[in-house]
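Colleague: Could you walk me through one part of this model in detail? I would like to follow its contacts one by one.

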Amino acid sequence: MPKKEALRREVTIQVRFIAFLLIVVSIVCGIFAAVKSAQVRRLQAEAAEVQTLVLEAKAKSEELQRRLAFTETDEYIAQEARQRFGYMEEGEIRFVLEGSAAANAPQPLIVQTPTPAPSPTPEETNAPVSTVAP
């Protein structure tokens with residue numbers, strides 16, 4: 001019987017050793033899975049952040065394209081002439097509040113057209129006025 005007990009002891013030791021190895025391997029695999037899972041979550045967060053940046057860049061690009069197209073219009077040229085150089089269209093009146101930014105803006109060039117002098121009246125010429133009776 002000593003052989004059976006020795007064999008039984010050996011089998012018990014082997015089973016315990018295999019169980020221990022399985023537990024160690026399971027723990028190592030669990031740790032590895034947890035680390036990889038954390039890395040995956042971090043990479044997913046980075047990917048979402050990069051996607052947000054890409055969308056913002058696309059929106060900014062579209063805005064710049066729209067502004068570039070606007071700079072080629074007559075409306076833009078008129079707007080810039082008014083804002084930068086103070087030009088006004090005919091018949092417009094400029095109101096400037098003291099202390100405002102517009103007060104420091106360049107003043108428009110106003111060209112006054114000469115008005116013809118009125119003809120002198122007979123009183124001004126000292127000429128005798130002839131009156132005709134009816």
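A salt bridge here is a side-chain nitrogen of Lys or Arg within 4 Å of a carboxyl oxygen of Asp or Glu. With that in mind, which residue meets Arg82 in a salt bridge, and how many of the 12 residues of helix 2 are buried?

Modeller: Happy to. Please keep in mind that this is a predicted model. A little context comes before the close look. The protein chain has 3 helices and 0 strands, in the order α-α-α along the sequence. Of its 134 residues, 2% count as buried. Its accessible surface is about 12,900 Å², and carbon and sulfur atoms hold 63% of that.

Now to helix 2, which covers residues 74-85. Its 12 residues should span 16 Å at 1.5 Å a residue, and this agrees with the 16 Å between its end C-alpha atoms. To take your second point, helix 2 is hardly covered, with a buried count of 1 among its 12 residues. Glu80 counts as buried, because its relative accessibility is 15% and the cut-off for buried is under 20%.

Glu80 also has a charged partner. Its side chain meets that of Arg84 in a salt bridge, at 2.7 Å from N to O. Both residues lie in helix 2, 4 residues apart, or about one turn of the helix. An α-helix has 3.6 residues a turn, so residues three or four places apart point the same way. Unlike the buried Glu80, Arg84 is exposed, with a relative accessible area of 54%.

That brings us to your first point. Arg82 meets Glu92 in a salt bridge between their side chains, 2.9 Å from N to O. This pair links distant parts of the chain: Arg82 sits in helix 2, while Glu92 belongs to the loop between helix 2 and helix 3 (122-125), 10 residues away. Both ends are partly exposed, Arg82 with a relative accessible area of 33% and Glu92 at 31%. The pair does not stand alone, as Arg82, Glu89 and Glu92 are linked in a network of salt bridges. The whole structure holds 5 salt bridges.

For comparison, one of them is in helix 1: the side chains of Glu63 and Arg66 meet at 2.6 Å, N to O. Those two are 3 residues apart in helix 1, which separates them by about one helical turn. Glu63 is partly exposed, at 32% relative accessible area.

Aromatic rings also belong in this picture. The count comes to 2 aromatic pairs. In one, the ring centres of Phe70 and Tyr76 are 5.6 Å apart and the planes are at 75°, so the pair is edge-to-face. Phe70 is partly exposed, with a relative accessible area of 28%, and Tyr76 is partly exposed as well, at 22%. The other pair, Phe85 with Tyr87, is edge-to-face too, with 6.4 Å from centre to centre and 65° between the planes. Here Phe85 counts as exposed at 51% relative accessibility, and Tyr87 has that status at 51% too.

Finally, look at the backbone where the helix stops. Gly86, just after helix 2, takes a positive phi of about 75°. To recap, helix 2 is hardly covered, Glu80 and Arg84 form a salt bridge in it, and Arg82 connects it with Glu92 in the loop that follows.

Key: Residues are numbered from 1 along each chain as its sequence is written. This is a predicted model: local features need pLDDT of at least 70, side-chain atom pairs count only at pLDDT 80 or more; totals for chains, interfaces and linings use all residues. Side-chain values use heavy atoms; hydrogens and water are left out. The expected span of a helix is 1.5 Å times one less than its number of residues. Buried means under 20% relative accessible area, exposed over 50%, partly exposed in between (1.4 Å probe, protein chains only). Accessible areas come from the Shrake-Rupley method with a 1.4 Å probe; for residues, only the protein chains shown count as cover. Rings of Phe, Tyr and Trp (its six-membered ring) pair if their centres lie within 6.5 Å; planes under 30 degrees apart count as stacked, over 60 as edge-to-face and the rest as tilted.
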